[in-house]
Amino acid sequence: MTTIKSYVQDNKDRFINELIELLKIPSVSADPKYKDDLLKTAEAIKDSLKDAGCKKVELCETPGNPIVYGEHIIDNDLPTILVYGHYDVQPADPLELWDSPPYKPVIKKTEIHPEGAIFARGSSDDKGQLYMHVKAFEYMIKEKKLPCNVKFMIEGEEEVGSSSLNWFVKRNQQKLSNDVILISDTGMISNKQPSITTGLRGLSYVEVEVTGPNRDLHSGLYGGAVANPINILTKMIASLHDENNHITIPDFYNKVLEASTEERAEMAKAPFSLDTYKKALNIDDVYGEKGFTTNERNSIRPTLDVNGIWGGYTGEGAKTVIPSKAFAKISMRLVPDQNPDEITELFSKHFKSIAPKAVKVKVTAHHGGDAYVTPIDSIGYLAANKAYTETFGVEAIPQRSGGSIPIVALFEKELKSKTILMGFGLNSDAIHSPNEHYGIFNFLKGIETIPLFYNYYTEMFKNQ
Ligand code: BES
Ligand code: MN
Ligand code: MN
């Protein structure tokens with residue numbers, strides 16, 4: 001009998017090499033010039049599912065990038081797990097900050113990863129994590145140990161708002177019917193302390209444009225007499241937080257579900273060192289909303305952040321100019337029960353209301369999404385916890401994350417099922433940043449833990 005542990009040991013070099021091949025394709029969804037690479041990646045994942053023994057695999061056409069769909073039904077009386085992941089990645093820039101090229105994966109040892117980590121864009125988010133599912137499935141098929149039905153749905157637009165997946169899910173409820181959704185696209189506390197993500201924040205993303213005079217002006221001839229849109233924009237942005245770092249948009253907090261004292265006490269039990277946190281980021285202090293801890297600030301509280309700001313002259317040397325326009329991209333991370341459309345509307349109304357008459361303001365909404373929380377007494381959660389306990393030797397801690405996977409709330413609405421977020425990444429993986437990496441330990445541990453989830457879930461499903 002081959003256990004998953006020995007299967008992983010015997011095949012790990014092949015697993016790693018296969019992942020490396022996948023990471024070589026630059027599947028950047030934000031930039032249309034990578035269209036062919038997205039298609040190539042989708043094909044490669046489809047083939048990997050087929051090779052693993054998945055009975056039915058296909059690329060589903062959408063208005064955007066194709067969705068890789070796989071299905072392996074063994075018995076309609078058994079539960080069905082739907083595995084979701086995304087094969088698109090964030091742009092790699094700024095390229096000059098990478099120690100090795102983003103699409104030439106290399107394995108390097110780090111302090112946290114003595115076994116080595118794979119450095120490449122998408123290694124942790126999400127190719128490395130989704131590929132664990134393909135390999136865990138391969139084991140269950142090859143060793144005839146698949147205990148239930150499984151469906152795979154791997155999309156190529158997560159990093160740009162999942163609009164094609166929205167379109168696809170709404171049209172394919174029957175096809176996608178399942179008992180539980182399983183996703184590895186989040187992180188855990190550390191390699192010694194696993195955690196299960198029980199919440200994701202929602203998102204409202206806007207772009208603002210402030211226009212002053214109809215053209216760029218000489219800052220001597222006109223300076224002081226007309227509004228400088230950059231001065232105005234920065235002043236408006238600064239006013240969006242008060243001295244306690246509360247957001248000043250009227251009614252912004254109206255629907256925020258406040259965590260109870262007990263919940264907050266429970267959260268505070270998770271191991272966390274503010275010192276280590278500060279050291280890892282090379283900062284002398286943290287900064288955030290008064291009255292909340294660091295972990296609360298980045299999970300149960302909503303935020304407003306400027307992601308980018310531009311305008312005027314930024315080239316070499318000095319140019320004396322009052323620009324005609326200034327721009328910023330602003331994201332608001334939301335928590336239950338804030339509604340992204342409502343928040344976008346509140347932002348827009350407020351932002352226009354604080355602008356002086358001397359400028360015009362345009363607000364454009366980008367993609368958004370609802371926040372998500374999942375209970376810790378569902379059989380999905382309990383099965384995941386048992387699986388982690390077995391492979392890590394300690395129980396997993398429930399933890400709400402600050403990140404967003406907007407499609408998870410849509411799954412609940414359209415497919416009526418709960419999602420279990422079994423992520424194996426670490427905060428230090430540098431996802432979306434230069435030098436993104438994924439620990440070999442994490443990759444292999446994930447492959448080991450996933451089949452256990454299948455077993456425990458199926459067992460608990462039958463007994464419920
Ligand atoms: N996998 C991340 C989300 C994530 C990472 C959640 C770590 C929790 C822990 C996902 O790919 C992502 O980057 N989501 C975006 C939202 C999307 C709409 C662009 C995000 O959170 O910024
Ligand atoms: Mn992701
Ligand atoms: Mn991401």
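The following conversation asks how terms such as cavity, polar contact and domain apply to this predicted model.

Modeller: Residues are numbered from 1 along each chain as its sequence is written, and chains are lettered from A and ligands numbered from 1 in the order in which they are written. In this predicted model local features need pLDDT of at least 70, side-chain atom pairs count only at pLDDT 80 or more, and totals for chains, interfaces and linings use all residues, while side-chain values use heavy atoms, with hydrogens and water left out.

Biologist: What makes Asp185 a polar contact of ligand 1?

Modeller: A polar contact is a pair of N or O atoms within 3.5 Å, and an N or O atom in the side chain of Asp185 is 2.8 Å from a nitrogen atom of ligand 1, so the pair qualifies. By that criterion Arg333 also counts, with a polar side-chain atom 2.7 Å from an oxygen atom of ligand 1, as does His432, whose side chain has an N or O atom 2.8 Å from an oxygen atom of ligand 1. Taken alone, ligand 1 exposes 520 Å², of which the protein buries 88% (Shrake-Rupley method, 1.4 Å probe).

Biologist: Why is ligand 1 said to lie between domain 1 and domain 2?

Modeller: Domain 1 (4–200 + 371–462) and domain 2 (202–256 + 302–369) both give residues to the shell around ligand 1, so ligand 1 lies between them; the bounds come from an automatic or database domain assignment. Ten residues of domain 1 are in contact with nine residues of domain 2, contact meaning heavy atoms within 4.5 Å.

Biologist: Which residues surround ligand 1 most closely?

Modeller: Of the 16 residues that surround ligand 1, the closest are Glu158, Asp185, Arg333, Ser404 and His432, a residue being near if one of its heavy atoms lies within 4 Å.

Note on methods
Polar contact = N/O pair within 3.5 Å; in protein donor to acceptor, adjacent residues only side chain to side chain.
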